[in-house]
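Got the viewer open? Here's a short tour, with something to select at each stop.

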Amino acid sequence: MSTRTAPHIRPEHVPGVPLDEIAALSGAAVVGPAGADPAVTGVTLASGQVRPGDLYVGMPGLHTHGARYAAEARERGAVAVLTDAAGRDLVAASAARSLPLLVVDRPREVLGAVAARVYGTNVDPLPVLGVTGTNGKTSTMYFCEALLNHAGVRTGLSTTVERHVGDRVLGSALTTPEASELHALIASMREMGARVLLVEVSAQAVDRHRIDGVRFDTVGFTNLSPEHLDEYGDMEHYFAAKRALFTPAHARRAVVSLASEWGRRLAAECPLPVTTLGETADADWRLVDQHDTADGSTAMLVGPAGQRWPIALSVPGVHMDLNAALAAVMLAESGVLAEDAIRAGLEAHVLADVYLPGRLERVSGDTGPTFFVDYAHTEDALERTLAAVRKQARGRIILILGADGGRDPYKRPAMGRIASELSDVLVVNDINPRFEDPDAIRAVLVAAAREAEHPAEVHDVGDPSQAIRRAIRLARDEDTIIVCGPGDEDYHEVRGNKLPYSSRGAAREALLEAGFPPNHSPRGGQEPARGVVLPRLEETTASDRGATRGARA
Ligand SMILES: CC(=O)N[C@H]1[C@@H](OP(=O)(O)OP(=O)(O)OC[C@H]2O[C@@H](n3ccc(=O)[nH]c3=O)[C@H](O)[C@@H]2O)O[C@H](CO)[C@@H](O)[C@@H]1O[C@H](C)C(=O)N[C@@H](C)C(=O)N[C@H](CCC(=O)O)C(=O)O
Ligand SMILES: Nc1ncnc2c1ncn2[C@@H]1O[C@H](COP(=O)(O)OP(=O)(O)OP(=O)(O)O)[C@@H](O)[C@H]1O
């Protein structure tokens, strides 16, 4: 069985690139000891990740300037520093001043090209497929991986949940790694025999240059709905960030789902060759005959040349069938897998065996209420997921819901309202309050839930593991309980501390306690700790606040 390791990985064979060549490539002015031209064998922007032979990139950030950590980088073996003008002064005043220094206006903008050169990913690149959109990216990439692997094609995968490199499973901190990490990952994947790479792309990755130096063969678009608006301001800017992926600088061709109006607009505006996918007659590839079944869902994918490819999943919901269809069409359009091989995989129902960690993942066994853990943290995801669960539910839906602190507060009223409309019992709990008052976050959800047109019975329980216990106590055998929000996350973030917590682990423990043995865990029992003790808000100092942002928004 595979084990999870830290997210950082480096290729084993890096010949080394002369620093002068990196300076020329990045257009940097070289400051520092004359004649020093060390060979660079790695690149990183995290001082704690520096290895001997690295170029340390001291980047300005929201909280600090990376150049402040140049001395630590030198101690760890960095052979040079790349930074901006402000960083030059910081390095000059530090113990790292003896290192050769490369100065550019905006280090982030050259990081991708530099990392590609150092790790050799710019030479004979492997085909890379990428997917973006508000919801469904991770699921789509897992479906691509399953179809390719079924046909014997070795893959490398990078998602919010984890990265797969051969048989190794790495944890992930960001949905899309920083450019230096991404190129190291790609080079490692190639060393381990991957022939196709699958990369989930966030909006932040596009506008923060994390995917620079990677040219995607095919990029897919799932959908767009309100998220990250505290960062982008409005939907138009959020859309623009995603749309930038669909340009010749980043990709050769596109597959766009028409599931949201933004997909239609993208298909119309996209300068790349576009293939569309959807449930309507105007789509090139159409999803028809969608049905939710007792143990998942089925549909038929009809292609422009008369292809009829059956989709069968172990999760319900047309949204998940659309993710699977997007995966199949991306593989077909990119040509990385022959159509016969895609159809054979679909006919063999390989997608029904895909394990989607924390995405409508069932944790209950054969007795007691049905229990799912899901990652829905937008209004759209909640609506689609609850609609799918409703079709299968024999009894009531008991929904456990929270909203992340420190991000997207505008989402909360809509989430509270829709949750209340679409469930029978709503238990409101805390999810990653970060530096916010968790009681205040819940109060918004509860108020919106009570104002819904057809409100659910609302319970306000802060502690997430107690909320799960409350839901199980309230449930009858025929009811369905679903925790929406935390998905596969293995922490609960409070004021800069990531406390080990898994809602899946907590659910398993509470089900067992209530006399309902949970199902067999695909994680093989490697659940992080379950209950959490929440420190009190007033215990934090002012300087703590705003010190941490998690990956997900
Ligand atoms: C807003 C944003 O993108 N922030 C990213 C940014 O953090 P920052 O600007 O605050 O960095 P900083 O803490 O000021 O540090 C500045 C520099 O000093 C370096 N440093 C700092 C301290 C130290 O001891 N040593 C050191 O080297 C840092 O590596 C960094 O290069 O650079 C950090 C290092 O790479 C990232 O971890 C961090 O992502 C944070 C965690 C984040 O929340 N990002 C979100 C917005 C994000 O990108 N989300 C999308 C997903 C969305 C989705 O799926 O829906 C994603 O792709 O994950
Ligand atoms: N096509 C879709 N449309 C709407 N909601 C979806 C869709 N696919 C999945 N979801 C919902 O979104 C949740 C997250 O799914 P998934 O991880 O595949 O998306 P994601 O885009 O990778 O999300 P994130 O970037 O936040 O990790 C699921 O648990 C489900 O509730």
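Start by selecting Cys270: this residue is buried, with a relative accessible area of 10%. Keep in mind that you're looking at a predicted model. Now add Cys144, which is buried too, at a relative accessible area of 0%. Why is there no bond from the sulfur of Cys270 to the one in Cys144? Put a distance label on the two sulfurs: Cys144 holds the closest cysteine sulfur to that of Cys270, but 18 Å is too far for a bond, because a disulfide needs the pair within 2.5 Å. Don't go hunting for bridges elsewhere, as the structure holds 0 disulfides.

Next, color by domain. The chain splits into domain 1 (17-119), domain 2 (128-348) and domain 3 (361-514). Drop a marker on the C-alpha centres of domain 1 and domain 3, and you'll get 45 Å between them.

Now for the strands. Select the open sheet of 6 strands and trace the order S20-S21-S25-S22-S23-S24; the pairing is mixed. Which strands sit at the edges? They're S20 (361-362) and S24 (457-460), each pairing on one side only. Zoom in on S20, which runs antiparallel to S21 (residues 370-374), with 2 bridges between them. Show Glu361 as sticks and look across to S21: Val373 is the residue opposite.

Last stop: select helix H15 (residues 438-451), which packs on the sheet. H15 touches S22 (397-401), S23 (425-428) and S24. Draw the axes of H15 and S24 if you like; their directions make an angle of about 170 degrees.

Conventions. Residues are numbered from 1 along each chain as its sequence is written. Chains are lettered from A and ligands numbered from 1 in the order in which they are written. This is a predicted model: local features need pLDDT of at least 70, side-chain atom pairs count only at pLDDT 80 or more; totals for chains, interfaces and linings use all residues. Side-chain values use heavy atoms; hydrogens and water are left out. Two strands pair if DSSP finds at least two bridges between them. Helices (H or I, at least four residues) and strands (E, at least two) are DSSP runs, numbered from the N terminus. Contact means heavy atoms within 4.5 Å. Axes are lines fitted to C-alpha atoms, for helices over the stretch in contact, and angles run from 0 to 180 degrees between N-to-C directions. Domain bounds come from an automatic or database domain assignment. Buried means under 20% relative accessible area, exposed over 50%, partly exposed in between (1.4 Å probe, protein chains only).
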